[in-house]
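User: I am new to this structure and would like a close look at one helix and what surrounds it. Could you walk me through that part?

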Amino acid sequence: MEHGSYTDLSKSTFSLMDEDHTFANSVRFTLNQDPRVTFCGYSIPHPSENRVNVRVQTTGDPACEVLKDGCQDLMLMCQHVRSTFEKAVNDFKTSKTGDHMDIV
């Protein structure tokens, strides 16, 4: 759910259900790398609620579009980390002759 102004689309707070610090801190980091973002932060209203509020303020672009771009960038980063890790595991498995250890 987006809480923002109809007159200034560059500033909005997004309430995301079923998320916690893991996603919120990652998307905050990603958005703060974007030159269009002037401020990005998050809060968790209450520890027992499974919800985060992400505040995005931009230089003029719509905050919802910048958030979407940030989530897309985060997804690409996660895919890169996963593929790099899987390649390293496969390289390790093929480089060992089996004399030293067995990896299942």
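Analyst: Happy to; here is a tour of helix α1 and its surroundings.

This is a predicted model, in which local features need pLDDT of at least 70 and side-chain atom pairs count only at pLDDT 80 or more, while totals for chains, interfaces and linings use all residues. Residues are numbered from 1 along each chain as its sequence is written, and side-chain values use heavy atoms, with hydrogens and water left out.

Helices (H or I, at least four residues) and strands (E, at least two) are DSSP runs, numbered from the N terminus. Helix α1 covers residues 21-32, twelve in number. From its first C-alpha to its last it reaches 16 Å, close to the 16 Å expected at 1.5 Å a residue; that expected span is 1.5 Å times one less than the number of residues.

At the start of α1, a side-chain oxygen of Asp-20 comes to within 3.1 Å of the backbone nitrogen of Thr-22.

Which residues of α1 are buried? They are Ala-24, Val-27, Thr-30 and Leu-31, where buried means under 20% relative accessible area with a 1.4 Å probe, protein chains only. Seen down the axis of α1, the buried residues fall within an arc of 135°, so they line one face of the helix; the arc is that of the directions from the helix axis to the C-beta atoms. An α-helix has 3.6 residues a turn, so residues three or four places apart point the same way.

The buried residues of α1 pack against β3 (37-43), β4 (51-58) and α2 (63-95). Take Leu-31: leaving aside neighbours within four places in sequence, Leu-31 is in contact (heavy atoms within 4.5 Å) with Val-37, Cys-40, Val-56, Val-66, Leu-67 and Gly-70.

Leu-31 also belongs to the largest nonpolar core, which has 13 residues; Leu-31, Cys-40 and Val-56 are those with the most contacts inside it. Such a core is a set of buried Ala, Val, Leu, Ile, Met, Phe, Trp, Tyr and Cys residues joined through side-chain atoms within 4.5 Å. The elements giving two or more residues to this core are α1, β3, β4 and α2, and α2 gives the most, with four residues.

Finally, consider β4, one of the elements that α1 packs against. Six of the eight residues of β4 are buried, so this strand is largely enclosed by the rest of the structure. β3 pairs with β4 in the antiparallel sense over six bridges, pairing being counted when DSSP finds at least two bridges between strands. Seven bridges join β4 to strand β2 (residues 11-17), also antiparallel.

Key. Buried < 20%, exposed > 50% of the residue type's maximum accessible area, 1.4 Å probe, protein only. Polar contact = N/O pair within 3.5 Å; in protein donor to acceptor, adjacent residues only side chain to side chain.
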